[in-house]
Amino acid sequence: MAKIDSDFPCSLVIAIPLPTHRLASSALRTLQVDAELSPLVRRSFSLVSPNETQSEASNGSVDAPSLNGNPAQESTNGDIPIEEKTILRTVYQATTNRMLRVSVNGFLESMGVVLGIMQELDVDVLAEQQKLAQG
């Protein structure tokens with residue numbers, strides 16, 4: 001079970017699956033450059049595999065990684081090949097539910113822009129769409 005930080009009692013974990021590790025890594029690098037504007041909110045990013053996400057869900061565990069100012073830490077489980085880490089995991093902690101909601105709304109807007117650009121411009125995504133269309 002996740003420990004609750006008394007200074008940041010409100011938390012949320014968002015796991016966004018992407019088609020490839022390259023796209024997940026690109027999304028992580030794109031989003032991490034924008035620091036949280038409020039000192040009342042902490043955020044961390046990591047890349048995980050679908051197996052890591054499923055085991056967390058079955059254990060009921062969503063332990064947040066250390067939110068010590070290093071926003072982009074990939075999961076360090078050595079058993080999992082890096083190419084399988086296709087899920088962008090974002091952990092938010094905030095002092096109030098309102099601050100959490102505001103920050104997550106901003107993150108989701110930014111993520112929507114990133115995904116839209118990937119859909120329009122990424123060659124792998126375009127190739128996959130062509131395969132699906134040819135069917």
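These legends describe close-up views of a predicted model of one protein chain.

**Figure 1. Overview of the protein chain and its order of elements.** The protein chain contains four helices and three strands. Read from the N terminus, these elements follow the order β-α-β-α-β-α-α. The chain has 135 residues, and 35% of them are buried. Among contacts with a separation of 6 or more, 82% are between residues 24 or more positions apart. The accessible surface amounts to about 8,300 Å², and carbon and sulfur atoms account for 55% of that surface.

**Figure 2. The largest nonpolar core.** In general, nonpolar side chains in soluble globular proteins tend to be buried together. The largest nonpolar core of this model has 22 residues. The members that touch the most other members are Ala-27, Leu-31, Leu-88, Tyr-92, Phe-107 and Met-111. Two or more core residues come from each of strand E1 (10–17), helix H1 (21–32), strand E2 (41–48), strand E3 (87–94) and helix H3 (97–121). H3 supplies the largest share, with seven residues.

**Figure 3. Surroundings of Met-111 in the core.** Met-111 is one of the core residues that touch the most other members. Leaving aside residues up to four places away in sequence, Met-111 is in contact with Ile-16, Ala-27, Leu-31 and Leu-88. Of these neighbours, Ala-27, Leu-31 and Leu-88 are also listed among the core residues that touch the most other members.

**Figure 4. Helix H1 and its buried residues.** H1 is made of 12 residues. From its first C-alpha to its last, H1 reaches 16 Å, close to the 16 Å expected at 1.5 Å a residue. The buried residues in H1 are His-21, Leu-23, Ala-24, Ser-25, Ser-26, Ala-27, Leu-28 and Leu-31. Arg-22, by contrast, is partly exposed, with a relative accessible area of 36%.

**Figure 5. The salt bridge between Asp-122 and Arg-22.** Side chains of opposite charge can pair when their charged atoms come close. In the pair formed by Asp-122 and Arg-22, the closest N and O atoms are 3.0 Å apart. Asp-122 sits in the loop between H3 and helix H4 (123–134), while Arg-22 belongs to helix H1, so the bridge links distant parts of the chain, 100 residues apart. Asp-122 is buried, because its relative accessible area of 12% falls under 20%. The structure holds three salt bridges, and the next two views show the others.

**Figure 6. The salt bridge between Arg-42 and Asp-5.** The closest N and O atoms of Arg-42 and Asp-5 are 3.1 Å apart. Arg-42 is in strand E2 and Asp-5 is in the segment before E1, so this bridge ties together parts that are 37 residues apart in sequence. Both partners are partly exposed: the relative accessible area is 29% for Arg-42 and 24% for Asp-5.

**Figure 7. The salt bridge between Arg-43 and Glu-36, with Ser-103 beside Glu-36.** The closest N and O atoms of Arg-43 and Glu-36 are 3.4 Å apart. Arg-43 counts as buried, with a relative accessibility of 17%, whereas Glu-36 is partly exposed, with a relative accessible area of 24%. Glu-36 is also touched by Ser-103, a residue of helix H3. Besides Glu-36, Ser-103 touches Val-41 and Tyr-92, when residues up to four places away in sequence are not counted. Ser-103 is buried, with a relative accessible area of 10%.

**Figure 8. A nonpolar surface patch that includes Leu-121.** Val-113, Ile-117 and Leu-121 make a nonpolar surface patch of about 310 Å². Leu-121 is located in helix H3. Its relative accessible area is 63%, so Leu-121 is exposed, the cut-off being over 50%.

**Figure 9. Asn-97 and Cys-10.** Asn-97 belongs to helix H3. With a relative accessibility of 56%, Asn-97 counts as exposed. Asn-97 and Cys-10 are 87 residues apart along the chain, and their C-alpha atoms are separated by 5.9 Å.

Conventions. Residues numbered from 1 in each chain as written. Predicted model: local features only at pLDDT ≥ 70, side-chain atom pairs only at ≥ 80, totals over all residues. Heavy atoms only, no water. Core = buried A, V, L, I, M, F, W, Y, C linked by side-chain atoms within 4.5 Å. Buried < 20%, exposed > 50% of the residue type's maximum accessible area, 1.4 Å probe, protein only. Contact = heavy atoms within 4.5 Å. Patch = residues over 30% accessible without salt bridge, like charges linked within 9 Å, V, L, I, M, F, W, Y side chains within 5 Å. Areas by Shrake-Rupley, 256 points an atom, 1.4 Å probe, with all protein chains shown as cover. Salt bridge = Lys/Arg side-chain N within 4 Å of Asp/Glu carboxyl O. Expected span 1.5 Å × (residues − 1).
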